[in-house]
Amino acid sequence: MADRIQTPPRAWQRMLSGRRLDLIDPSPLDVEIEDIAHGLARVARWNGQTLGDHAFSVAEHSLLVEDIARKLEPGLSPDDCLIVLLHDGPEYVIGDMISPFKAVIGGNYKAVEARLTAAIHLRFGLPAVTSAALKRLTKKADGIAAYFEAVELAGFMRDEAKKIFGEPREFGTDRGDGPRLGLDPVPVRAAEAAFLARFHAIEDLRQAAKASHTKTEKRKSP
């Protein structure tokens with residue numbers, strides 16, 4: 001009996017938009033912002049171990065990080081803002097793995113994440129690789145967001161969160177025991193809508209910046 005030909009395991013996911021995204025070799029042509037927003041709004045931060053009637057989604061986290069980044073660097077360009085908003089974009093496909101689990105998996109996870117990030121960036125006309133300076137800013141904003149999420153939603157004692165993330169006293173309202181943002185997880189559809197709204201607001205700013213640049217170049221031309 002002849003050996004059966006084995007086909008390679010499926011490495012793509014069908015999205016609700018109809019796109020079929022290859023996880024091994026993702027194409028920017030298969031990336032849609034509606035799929036990203038839908039997925040991130042349904043992926044829970046902290047493995048779902050948070051307070052409230054709703055999970056705190058990666059979409060909400062992304063909005064929070066982008067807001068903090070703009071407060072840290074008020075002069076961020078629209079392109080930079082979009083890169084920060086999409087900093088966890090790959091998680092619409094691969095989910096949100098907590099940091100300890102990422103450490104266990106190691107390099108394979110990072111390689112898949114990097115390829116997905118590049119595809120997402122190229123889809124929206126952004127550099128495939130984020131600059132070192134913007135990576136540092138995003139990491140700082142992400143750590144600040146994680147501190148507040150840990151203390152307000154994930155059951156961390158404040159001293160424990162301070163040791164892991166540091167205490168960002170320049171943010172939030174101090175109620176005597178330390179700063180707080182008053183985080184309140186929202187239903188998935190509200191998170192999805194908020195993420196899409198911010199994306200389109202940034203896109204409007206990007207288009208306006210491009211139009212202004214074009215006008216300036218025309219004035220310079222002889």
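This is a short walk through the fold of one chain, its helix contacts and a few of its residues.

Hi everyone, thanks for coming. Please keep in mind that we are looking at a predicted model.

Let's start with the overall picture. The chain has nine helices and four strands. Reading from the N terminus, the order is β-β-α-α-α-α-α-α-α-α-β-β-α. The chain has 222 residues, and 41% of them count as buried. As for the surface, about 12700 Å² is exposed, with carbon and sulfur atoms supplying 55% of it. Then there is the question of how the contacts span the sequence. Taking contacts between residues at least 6 apart in sequence, 64% join residues at least 24 apart.

Now to the helix pairs. Two packed helices are described by the angle between their axes and the distance between those axes, so I'll give you both each time.

First up are helix 2 and helix 7. Helix 2 covers residues 58–72, and helix 7 covers residues 132–152. Their axes are 8 Å apart, at an angle of about 120°. How do they lie relative to each other? That angle makes helix 2 and helix 7 oblique to each other, and the crossing is right-handed. From helix 2, the residues in the contact are His61, Leu64, Val65, Ile68, Ala69 and Leu72. They meet Leu137, Thr138, Lys140, Ala141, Asp142, Ile144, Ala145 and Glu149 of helix 7. Sorted by class, that contact has nine nonpolar, two polar and three charged residues.

Helix 2 has another partner to show you, helix 3, which spans residues 78–85. Here the angle is about 145° and the axes are 8 Å apart. This crossing, too, is right-handed. Helix 2 brings Ser62, Leu63, Val65, Glu66, Ala69 and Arg70 to the contact, while helix 3 brings Cys81, Val84 and Leu85. By class, we have six nonpolar, one polar and two charged residues. If you are following on the structure, Val65 and Ala69 are on the list for helix 3, and Val65 and Ala69 are also on the list for helix 7.

Next, back to helix 7 and on to its packing with helix 8, residues 158–165. The angle between them is about 160°, with the axes 9 Å apart, which means helix 7 is roughly antiparallel to helix 8. The crossing of this pair is right-handed. On the helix 7 side, the contact uses Gly143, Ala146, Tyr147, Ala150 and Val151; on the helix 8 side, Arg158, Ala161, Lys162 and Phe165. The class count is six nonpolar, one polar and two charged residues.

With the helices in place, let's zoom in on some residues. Ile144 is part of helix 7. Is Ile144 buried or exposed? Its relative accessible area is 7%, so Ile144 is buried. Beyond its sequence neighbours within four places, Ile144 is in contact with Ile68, Leu72, Pro168, Glu170 and Phe171. Of these, Ile68 and Leu72 appear among the helix 2 residues that meet helix 7. Ile144 and Phe165 are 21 residues apart in sequence, yet their C-alpha atoms are 7.0 Å apart.

Another one to look at is His121, in helix 6, residues 107–123. With 2% relative accessibility, His121 counts as buried. Leaving out residues up to four places away in sequence, His121 touches Ile83, Leu126, Pro127, Ala128 and Thr130.

Arg180 sits in strand 4, residues 179–180. At a relative accessible area of 21%, Arg180 is partly exposed. What does Arg180 touch, not counting residues up to four places away in sequence? The list is Phe148, Val151, Glu152, Arg158, Gly172, Thr173 and Arg175. Two of those names, Val151 and Arg158, also belong to the contact between helix 7 and helix 8. From Arg180 to Pro168 is twelve residues in sequence and 9.6 Å in space, C-alpha to C-alpha.

Last stop: the loop between helix 1 and helix 2, where we find Trp46 and Asn47. Trp46 has a positive phi, near 60°, and it is not a glycine. Asn47, likewise not glycine, has a positive phi near 55°. Their accessibilities are 16% for Trp46, which counts as buried, and 49% for Asn47, which counts as partly exposed.

That's the tour. Happy to take questions!

How values were computed:
Residues are numbered from 1 along each chain as its sequence is written. This is a predicted model: local features need pLDDT of at least 70, side-chain atom pairs count only at pLDDT 80 or more; totals for chains, interfaces and linings use all residues. Side-chain values use heavy atoms; hydrogens and water are left out. Axes are lines fitted to C-alpha atoms, for helices over the stretch in contact, and angles run from 0 to 180 degrees between N-to-C directions. Angles under 35 degrees count as roughly parallel, over 145 as roughly antiparallel, 65 to 115 as roughly perpendicular and the rest as oblique. A crossing is left-handed if the near helix is turned anticlockwise from the far one by less than a right angle, and right-handed if clockwise. Contact means heavy atoms within 4.5 Å. Ala, Val, Leu, Ile, Met, Phe, Trp, Tyr, Cys and Pro count as nonpolar, Asp, Glu, Lys and Arg as charged, and the others, Gly among them, as polar. Buried means under 20% relative accessible area, exposed over 50%, partly exposed in between (1.4 Å probe, protein chains only). Accessible areas come from the Shrake-Rupley method with a 1.4 Å probe; for residues, only the protein chains shown count as cover.
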